[in-house]
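Biologist: I'd like to learn how to read a model like this one. Could you walk me through it?

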Amino acid sequence: MTRFVSGEGCTIADGATIDHGEFDEPTRVGADATIRAGSIVYGDVTIGDGFTTGHDVLIREGTTIGDDVLVGTKTVVDGETTIGSHVSLQTNVYVPTETTIGDNVFVGPGAVMTNDEYPVRTEVDLEGPTLEDGASVGANATILPGVTVGKNAFVAAGAVVVEDVPADSLAVGAPARTKPLPAPLEGPNQLE
């Protein structure tokens, strides 16, 4: 039995699963959403207007997503995550539990965020990263648990971010080093 609630103008492809699992709260999808085949959205998820997925996307329970968000093909958003508005998560991005993503954020293809400082070695509280408003993360970058990428900061492709990135700065390398933001990268993302 389908319990999800959707706004007007939504297109949900055959082969997409909405409100998966047994949860107290149904999935709520705003107006003008496009959810493509193979995508699975669990119960207890709230999504704003203008949402779009690629194919084979997974969005777990307890996630809140703002307006005008793109979640690219084969991207995974684990539960208990908050994503703002005007966000673009490109193909094959991994967003772990307990992550916070602000508004107007871009995350390039194959980027990975982590939330477990010592995987399978010791018991710790999970702590996902925080991407503040206007942050950009390049392709195949890795962001470790608890790291904050500051407002309008830019993480270069392939960077391994092990410590906070200040606002309006550039993180490059493995491990990433912080540098001043070059002039061509200054200012907000053009996602709106």
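Biologist: Let me start with a small detail: how many residues does the hairpin use to join β25 to β26?

Modeller: Two residues, and keep in mind that this is a predicted model. The hairpin passes from β25 to β26 through them. Pro175 sits in that loop, and the peptide bond between Ala174 and Pro175 is cis, with omega at about -5 degrees.

Biologist: In which sense do β25 and β26 run, and how many bridges join them?

Modeller: The general idea comes before the case. Strands in a sheet pair through backbone hydrogen bonds, in either a parallel or an antiparallel sense. Here β25 and β26 (residues 176–180) are antiparallel, with five bridges between them. For one position to look at, find Val172, which faces Arg177 in β26.

Biologist: Which strand pairs with β25 in the parallel sense?

Modeller: That's β23 (residues 154–155), through two bridges. Phe154 has Leu170 of β25 as its bridge partner.

Biologist: Why is β25 described as largely enclosed?

Modeller: Buried here means under 20% relative accessible area. Four of the five residues in β25 (residues 169–173) are buried, so the rest of the structure largely encloses this strand.

Biologist: Let's zoom out. How many helices and strands are there in the chain?

Modeller: Zero helices and 26 strands. Eight of the strands form an open sheet with parallel pairing, in the order β1-β4-β7-β10-β13-β16-β19-β22.

Biologist: Which strands stand at the edges of that sheet?

Modeller: β1 (5–6) and β22 (148–149) do. Each has a single partner strand, so one side of each lacks a neighbour in the sheet. The partner of β22 is β19 (residues 130–131), paired in the parallel sense over two bridges. Look at Thr130 there: its bridge partner in β22 is Thr148.

Biologist: And the loops: is Asn152 buried or exposed?

Modeller: Buried, because its relative accessibility is 14%. Asn152 belongs to the loop between β22 and β23. If you set aside neighbours within four places in sequence, its contacts are Asp133, Gly134, Ala135, Asp168, Leu181, Gly187 and Pro188.

Biologist: Which phi value does Val120 have?

Modeller: A positive one, about 55 degrees, although Val120 is not a glycine. You'll find Val120 in the loop between β18 (112–113) and β19, and its relative accessibility of 83% makes it exposed. Asn140 is another non-glycine residue with a positive phi, at about 60 degrees. Asn140 lies in the loop between β20 (136–137) and β21 (142–143) and is exposed, with a relative accessible area of 52%.

Biologist: What does the radius of gyration say about the whole chain?

Modeller: The idea is to set the value beside what a compact globule would have. For 192 residues that would be near 16 Å, and the chain has 16 Å, which agrees. Then check the box: the C-alpha atoms fill roughly 50 × 40 × 20 Å along the principal axes. Of the 192 residues, 43% count as buried.

Biologist: What share of the contacts with a separation of 6 or more comes from residues 24 or more positions apart?

Modeller: In this chain, 17%.

Biologist: Last one, on the surface and charge: how many positive and negative side chains does the chain have?

Modeller: There are 9 positive and 29 negative ones, and the centres of the two sets are 7 Å apart. As for the surface, the chain exposes about 9100 Å², and 48% of that comes from carbon and sulfur atoms.

Conventions:
Residues are numbered from 1 along each chain as its sequence is written. This is a predicted model: local features need pLDDT of at least 70, side-chain atom pairs count only at pLDDT 80 or more; totals for chains, interfaces and linings use all residues. Side-chain values use heavy atoms; hydrogens and water are left out. The radius of gyration is taken over C-alpha atoms; the globule rule is 2.2 Å times the number of residues to the power 0.38. Buried means under 20% relative accessible area, exposed over 50%, partly exposed in between (1.4 Å probe, protein chains only). Contact means heavy atoms within 4.5 Å. Accessible areas come from the Shrake-Rupley method with a 1.4 Å probe; for residues, only the protein chains shown count as cover. Lys and Arg count as positive and Asp and Glu as negative; His and the chain ends are not counted. The place of a charge is taken as NZ of Lys, CZ of Arg, CG of Asp or CD of Glu. Two strands pair if DSSP finds at least two bridges between them.
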